[in-house]
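I sat down with this one and kept a running notebook as I went. Here are my entries, in the order I made them.

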Amino acid sequence: MSILGALLAKADMEERTTKGESREGKRRKRRKMRVVGRSVKALQDIIMRKARDARKSQEENRP
């Protein structure tokens with residue numbers, strides 16, 4: 001094999017990603033989108049508080 005051929009083959013191998021690397025990338029993307037633990041509880045508390053306030057203001061505005 002010529003030197004040029006060896007360099008081209010090496011460059012080709014460096015550009016490819018392995019299955020493990022592509023899987024890890026997908027896992028990382030999913031992890032970024034996930035909301036866990038305290039964050040979920042905090043979001044639920046905010047939503048419940050806003051809903052409670054909205055119901056309270058509706059009751060006050062009724063004739």
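What follows are my notes on confidence, fold, charges and surface patches.

**Entry 1: confidence.** I began by noting that this is a predicted model. I looked up the pLDDT next: the protein chain averages 79, and 73% of the residues score at least 70. I then asked which element has the lowest mean pLDDT and which the highest. Helix H1, residues 3–15, has the lowest at 63, while H3 has the highest at 88. A reminder to myself: where pLDDT is low, the predicted coordinates should not be read in detail.

**Entry 2: fold.** I counted the secondary structure of the protein chain and got 3 helices and 0 strands. Read along the sequence, that gives the pattern α-α-α.

**Entry 3: burial and surface.** How much of the protein chain is made up of buried residues? I found 0% of the 63 residues. A residue counts as buried only under 20% relative accessible area, so none of the 63 residues falls under that cut-off. I also noted the accessible surface of the protein chain, about 6,600 Å². Carbon and sulfur atoms account for 55% of that surface.

**Entry 4: salt bridges.** I searched for salt bridges and the count came to 2. Arginine 27 pairs with glutamate 24, with the closest N and O atoms 3.3 Å apart. Glutamate 24 also pairs with arginine 28, where the closest N and O atoms are 3.9 Å apart. I wrote the three down together, since Glu24, Arg27 and Arg28 are linked in a network of salt bridges.

I then checked the spacing along the helix. Arginine 27 and glutamate 24 sit 3 residues apart in helix H2 (residues 19–33), so about one helical turn separates them. Glutamate 24 and arginine 28 are 4 residues apart in helix H2, which again means a separation of about one helical turn.

Are these side chains buried or exposed, I wondered, starting with glutamate 24? Glutamate 24 has a relative accessible area of 28%, so I filed it as partly exposed. Arginine 27 is partly exposed too, at 41%. Arginine 28 gets the label partly exposed as well, with 44%.

**Entry 5: positive patch.** Which residues form a positive surface patch? My list reads Lys19, Arg23, Lys26, Lys29, Arg30, Lys32 and Arg34. I picked lysine 26 for a closer look and placed it in helix H2. Its relative accessibility is 56%, so lysine 26 counts as exposed.

**Entry 6: nonpolar patch.** I moved on to helix H3, residues 38–61, where isoleucine 46 has its place. Together with Leu43 and Ile47, Ile46 forms a nonpolar patch on the surface. The accessible area of Leu43, Ile46 and Ile47 together is about 270 Å². I looked up isoleucine 46 by itself and found 36% relative accessibility, so I marked it partly exposed.

Definitions and conventions:
Residues numbered from 1 in each chain as written. Predicted model: local features only at pLDDT ≥ 70, side-chain atom pairs only at ≥ 80, totals over all residues. Heavy atoms only, no water. Patch = residues over 30% accessible without salt bridge, like charges linked within 9 Å, V, L, I, M, F, W, Y side chains within 5 Å. Areas by Shrake-Rupley, 256 points an atom, 1.4 Å probe, with all protein chains shown as cover. Salt bridge = Lys/Arg side-chain N within 4 Å of Asp/Glu carboxyl O. Helix = DSSP H or I, 4+ residues; strand = E, 2+ residues; numbered from the N terminus. Buried < 20%, exposed > 50% of the residue type's maximum accessible area, 1.4 Å probe, protein only. Lys, Arg positive; Asp, Glu negative; His and termini not counted. Charge placed at Lys NZ, Arg CZ, Asp CG, Glu CD. pLDDT = per-residue confidence, 0-100.
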